[in-house]
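Subject: Handing over the structure

Dear colleague,

I am passing this structure on to you, together with an account of what turned up in it. Please open it alongside this message, so that each part can be followed in place.

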Amino acid sequence: MIAEVYVEVPVQNVNRPFDYIIPEKWQSIIVPGVRVVVPFGSRKLLGFVSKIKSVTDSSKLKEIEGLLDIQPVLTDELLELGETLATETVCTTIAAFQVMLPAALKGKYEKNIIVAPNHSALECSEEVQKLFENKQKLVWEEIEKSDLFKQIKSEIQKGILEIELVVDSKMKVKKERFIRSMKSPEELQVILNETRKNAIKQRKLLEFFIENEDVEIESAELVDQLEITYDVLNGFAKNGILKIMEIEQYRDPLAHANFTKTEKLQLTQKQAKVLHPIVQSIQQNTHKNFLLYGVTGSGKTEVYLQAIDVALQGKKQAIMLVPEISLTPQMVTRFKSRFGDRVAVLHSGLSNGEKYDEWRKIVRGEVSVVVGARSAIFAPFKKLGIIIIDEEHEGSYKQEETPRYHARDIAIKRGNYHGCPVVMGSATPSLESFARAKKGVYSILELGSRVNEKALPKVTVVDMREELRNGNRSMFSMPLYEKIGDRLRKKEQIVLLLNRRGHSSFMMCRDCGYVLECPNCDVSLTYHKHNHQMKCHYCGYDTSIPNVCPKCKSDHMRFFGTGTQKVEEEIARLYSNARVIRMDVDTTRTKGAHEKLLNQFENGQADILLGTQMIAKGLDYPNITLVGVLAADTSLHIADFRAAERTFQLLTQVSGRAGRHELEGEVVVQTYTPEHFAIELAAEHDYDHFYEREMIVRRKTGFSPYFFMTLINVSHEDLMTTMDAARKVCAFVRNGLSDKALVYGPTPASIGKVNNRYRYQCLIKYKNEPNLLNVLHELNEQFGLSSGKQGVYLTIDMNPNSML
């Protein structure tokens, strides 16, 4: 038999399956989706088996040399999806396969065979039992060469044995040592009577197991509880009185949390109305795409929970996607409290070991619900009943590295494969999704009011130009200053949004106008006061603060602009008794910091939560009555066609944090452009009119959703080389596409240099271009071969999320 194998070499000229002979001993074992080791040139490389066949066109075939899996790590569905993803995002198939797997399966590893939890080697055949005599595990390389390999595979499929994966010789399946007695209480009593009176630790241990018959206890807990030593345990184990067992334990990121079981809530009539067609789709195994368009606080999450419950009752599984910044402890708690241990959580805050263990729970069928960020869309479920994408408009659902996929597109493909509904929820849907709903491509479901019928918070827009004219040069307008003071007196909580971290935006010489810039990128450096450094937020470069201007030697260097650190200082100056929590990338770098800070705020240990956009979503606290947006213009005036849409979405989302419960909520938006329709309509919570206005702009300027777009980026350390390569790329694309396609460029990127690489772009706009993918794949292959040695990088982004 012949296996088609995609080899782990992520370059275009080997982006195809290679044929290898399956050795006789693995004929019935190697199946599509397993990883193998194959000879490739002079190297031995990891590869993925995509197909088994009996005929090949190749004359000289090599044999597969190693087998890494008994059970496939990629299902048939994911194999097919990977090949489609590679085609549609113009990347290598191996890159598409790798993005579907946890990092623990991508590195170097060694493999062992161990007895599965709650099983014994005595359940295996006699031949296999002998292999485990005086051994805790079997080395995979030795077993695969033995005659018992098929028997071992059979025991693995029965669940008696399993594979232990050790990554980079560091990560292992986590084991805990447990102790149990091998003697009856009567036998232990005899041993106790014969034990010396002054052997206190031994007597304590014997007394414990006499009183606790058949108990299995963790060794560390036993040592701590009885105040004994491990030597005592080991001595009793050596004498056959106790047995020390190593039992697998999952690395549980939520082990410290206690979840109180919750029951489903009584739905409002509006909630029940939108749930009904979703339930019908689940029960009829029909694929439909729903856009759940509901204002903040309208009860979308409860609709999600009850829809998932219907899927679980039908013995199906569910994926719940949440933007990374919305995956708060509060959101996780809602799902864990409702569905308990049936929930796995996947996000970037987990260690590689925790992600691997959560993935294994999914593969083993121990969980039925996955709650996670973008990559959770690849959860290897085999019987999906529903896929939900919360805050579907969020830009983080688009991956910015290869493969550049959008989770929404993957969700729709998987929903179609499994015959299940895909529910996309948002108070501010992306223009593309709302346009599809208007055309009937998606079914629209509306929740137009909050669950408790409370009004949406009143929004006051403050013109900061008027504040300046009135002599107020503070970062706080008078209305916001007074309202913060009022809430502090009432012991109510406040959320302040400033989408700019650091202390000051830039440093400038007031004599000659010189701005301190990053030497590697075309951006100014940002001042971070906590370590007195000027830092680049693109490449990570940092430097000390100059005493004099590097250009004119003047000592009139000053900081300009406002970051979260500076706002924190100003709050301390104006409200000396206010307790402030600052949440930005700098304060949430360490593991668990995000959760810790939000728990402090929820428990009333702070009055003001100050942060960047990470605080705009997912917060539902009853005591928040005031939201202040300090600079609504931050995201409005950037060189990106989605700037107005992102500003409207951010303002609407953060406004929704106020007044979600009994207390009335209020929002103050500070801006220098109050007349912009995105700000005016966000203040009125009017998405429908915003959609109409922004669609007019998009039609006039020829942007999505009226046109599809592809952005090609070319970069190199030398400017002239970059320009020359970009010209060739644009010419190649123009020659290959029809006259209806609009090709712009080459033009410098908005940020012309990042990390010492110059950047040029080519933008393609089109409505229907059947030959586009062929042209892009040919470009990627030819350009990669000719320019790779020159150090020119080419990236292709279909329907880019940003033009920067």
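A good place to begin is Phe178, which stands opposite Glu218 in strand S10. Please keep in mind throughout that this is a predicted model.

Phe178 has a second partner as well, since its bridge partner in strand S11 is Met245. The strands behind these two contacts pair as follows: S9 (residues 175-181) and S11 (residues 242-248) run in the antiparallel sense over 7 bridges, while S9 and S10 (residues 217-218), also in the antiparallel sense, are joined over 2 bridges.

Strand S11 leads on to a pocket. The second largest pocket holds about 780 Å³ of space, and among the 23 residues that line it, those closest to its centre are Val115, His119, Ser120, Gln136 and Lys243. Two elements, strand S6 (109-115) and S11, each give two or more residues to this lining, and S11 gives the most, with 6 residues. By character, the lining of this second largest pocket divides into 10 nonpolar, 6 polar and 7 charged residues.

Further along the chain there is an open sheet of 6 strands, in the order S19-S29-S28-S20-S27-S26 and with parallel pairing. Its edge strands are S19 (458-463) and S26 (580-583), each of which pairs on one side only. On average, and with direction ignored, neighbouring strands of this sheet are turned by 15° against each other. Within the sheet, S20 (residues 493-497) and S28 (residues 624-629) pair in the parallel sense over 5 bridges, and Gln493 stands opposite Ile624 in S28. Helix H18 (residues 564-574) packs on the sheet, where it touches S20, S26 and strand S27 (608-611), and its direction makes about 155° with that of S27. Helix H19 (residues 593-602) packs on the sheet too, touching S20, S26, S27 and S28, with a direction that makes about 150° with that of S26.

There are also enclosed spaces to look at, and the count comes to 3 cavities of 30 Å³ or more. The largest cavity holds about 80 Å³ of space, and the residues that line it include Leu497, Leu498, Asn499, Val629, Leu630 and Thr647. Helix H20 (residues 643-655) supplies the largest share of this lining, 3 residues. The lining of the largest cavity divides into 8 nonpolar and 4 polar residues, with no charged ones.

Some features of the backbone deserve a careful look. As background, most residues other than glycine have a negative phi, and most peptide bonds are trans. Against that background, a cis peptide bond joins Thr402 and Pro403, with omega about -5°, and Pro403 lies in the loop between strand S16 (384-390) and helix H14 (407-418). The peptide bond from Gly745 to Pro746 is likewise cis, with omega near 5°, but Pro746 lies in a strand, S31 (residues 742-754).

As for phi, Lys553 has a positive value near 70°, although it is a residue other than glycine. Lys553 lies in the loop between strand S24 (542-544) and strand S25 (557-560), and it counts as exposed because its relative accessibility is 56%, where the cut-off for exposed is over 50%. Asn756, which is not glycine either, has a positive phi near 65° and lies in the loop between S31 and strand S32 (757-766). With a relative accessibility of 35%, Asn756 counts as partly exposed.

One last residue may be worth your time, and it brings a question with it: is Gln306 buried or exposed? Gln306 lies in helix H11 (residues 300-313), and it counts as buried because its relative accessibility is 9%, with the limit for buried set at under 20%. Leaving aside residues up to four places away in sequence, Gln306 touches Lys264, Leu265, Leu267, Leu275 and Arg338.

With kind regards

Note on methods
Residues numbered from 1 in each chain as written. Predicted model: local features only at pLDDT ≥ 70, side-chain atom pairs only at ≥ 80, totals over all residues. Heavy atoms only, no water. Helix = DSSP H or I, 4+ residues; strand = E, 2+ residues; numbered from the N terminus. Buried < 20%, exposed > 50% of the residue type's maximum accessible area, 1.4 Å probe, protein only. Pairing = 2+ DSSP bridges. 1 Å grid on protein atoms, 1.4 Å probe; cavity = no way out; pocket = protein on both sides within 12 Å on 5 of 7 lines; lining within 4 Å. Points joined across faces, edges and corners; volume = space filled by probe spheres on them. Nonpolar A, V, L, I, M, F, W, Y, C, P; charged D, E, K, R; others polar. Axes fitted to C-alpha atoms, helices over the stretch in contact; angles between N-to-C directions. Contact = heavy atoms within 4.5 Å.
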